[in-house]
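User: Could you walk me through this model, starting with how far to trust it and then going through its core and its charged pairs?

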Amino acid sequence: MNFEFKVDAEIKQEFLENKPTATARSNGFILKIADEYEEIAGKPIYNMTYAELKELIAVQFKNSSLATITKNISILRKYIDFCIEKHLVSHMENRLAMFTRKEAREFVSKQAIEYRYISREDLRKYQNMLINEQDVAILEAAYNGIRGRTEEGATLEELINLQIDEKSANFKNNILELVKNNGDKRYIQVSENTMQILLDAKHQEFYISNNGEESELLRGGIRRTPINRIGNYVFRVPGTKKHELFNPILVNSRMRKIQEWTGNRYITIHSLYMSGMISMAKDIFAQKGELTPEDYISICEKYDYGSGDPKKYWLVLKDIVVQYI
């Protein structure tokens, strides 16, 4: 992927050339954002003062989490090191090396922290704004970690594949079987309330368009579309001839509408998923007065956070959780 840079274009392209495609793409986006600030400031990033670098980070980036900030700074720091190696920096100093994690926390957007984390109380408030059980259940499923792997061909696999057999022993114990597209399975236990929400979605017969808001363009004001029953699947596509399961495109479309209906543009599958883990961590902290590495690992395991190796991700989760405790 080629990026059009205004400042030190050839150097930036050379920096990206020897990196794997995905890394070059993500690094390129960060350099492009910095490049815009370099052009405005009239100087390259490696010659900026520490104060100017802090302003760049505060102004140019959407600092929604500590992990995001540290990742962006790491990319910019490596780029400056590259420029030093190329003898472009007369003072031979990487001023971003002075940037600490403690300082990085100061740049996390307070608004993002407030609205990206959805407490259980907020979750119920948003669910009460929705009239379709299918929509309510999407929020509930994601909040309980029903998502799947974040890789190509696996998007929202556990949510889409979710089935509930009301005659099974699992159902009686509120245990859900979550199935990945590759056939792998895992099991989680949910509350009575969560199970009922998912059952209500499974049994919903008609999907009411536009969250029940009347439209002058529709005869009768509101469209009610049948939802065909398919096996024991919870989520299905409205339409008399659509014997289909959900798909990622439909889920994302539905989530955009839910953002509009609830008035919170930060409600996404990802924010719900992360909020569920944060709430679980807050519960443990309230009970024990502390959170140990084992506690974080247990949360990662329940939410399958870490692509099958949750022990690698507990520190990432900790960085996120401490912002809310």
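**Confidence, core and charged pairs**

Analyst: Happy to. In the protein chain, helix α6 (residues 110-116) has the lowest confidence, at a mean of 63, and α8 the highest, at 97. That confidence is pLDDT, the predictor's own score for each residue, from 0 to 100. Helices (H or I, at least four residues) and strands (E, at least two) are DSSP runs, numbered from the N terminus. This is a predicted model, in which local features need pLDDT of at least 70, side-chain atom pairs count only at pLDDT 80 or more, and totals for chains, interfaces and linings use all residues. Residues are numbered from 1 along each chain as its sequence is written, and side-chain values use heavy atoms, leaving out hydrogens and water.

User: What pLDDT does the protein chain average?

Analyst: Of the residues, 93% score at least 70. Where pLDDT is low, the predicted coordinates should not be read in detail. The average for the protein chain is 88.

User: How many of the 11 residues of helix α8 are buried?

Analyst: Buried means under 20% relative accessible area, exposed means over 50%, and partly exposed lies in between (1.4 Å probe, protein chains only). The buried residues of α8 include Val-136, Ile-138 and Leu-139, along with the charged Asp-135 and Glu-140. Helix α8 (residues 133-143) is largely enclosed by the rest of the structure, because the number of its residues that are buried is 10.

User: Which element supplies the largest share of the largest nonpolar core?

Analyst: A nonpolar core is a set of buried Ala, Val, Leu, Ile, Met, Phe, Trp, Tyr and Cys residues joined through side-chain atoms within 4.5 Å. The largest one has 39 residues, and Leu-139, Leu-176, Phe-235, Met-255 and Leu-272 have the most contacts inside it. Elements that each supply at least two residues include α7 (120-128), β1 (175-179) and α13 (269-288). The largest share, 7 residues, comes from α8.

User: Which side chains of β1 point to the buried face?

Analyst: β1 pairs with strand β2 (residues 185-189) in the antiparallel sense over 5 bridges; strands pair if DSSP finds at least two bridges between them. Side chains alternate along β1, with Ile-175, Glu-177 and Val-179 on the face that is not buried. On the other face, the buried ones are Leu-176 and Leu-178.

User: Which residue meets Asp-35 in a salt bridge?

Analyst: A salt bridge is a side-chain nitrogen of Lys or Arg within 4 Å of a carboxyl oxygen of Asp or Glu. Asp-35 sits in helix α2 and its partner in helix α1 (residues 9-17), 23 residues apart. Asp-35 is buried at a relative accessible area of 1%, and the partner is buried too, at 0%. With 3.1 Å from N to O, that partner is Lys-12.

User: And what is the distance of the polar contact between Glu-38 and Lys-12?

Analyst: A polar contact is a pair of N or O atoms within 3.5 Å; within protein, one must be able to donate a hydrogen and the other to accept it, and residues adjacent in sequence count only if both atoms are side-chain atoms. Glu-38 lies in helix α2 (residues 21-41) and is buried, at 1% relative accessibility. Its side chain reaches the side chain of Lys-12 at 2.6 Å.

User: Which residue of α9 meets Arg-186 in a salt bridge?

Analyst: Arg-186 belongs to strand β2, 28 residues from its partner in helix α9. Arg-186 counts as buried at 12% relative accessibility, and the partner does at 0%. Their side chains meet at 2.8 Å, N to O, and the partner is Glu-158.
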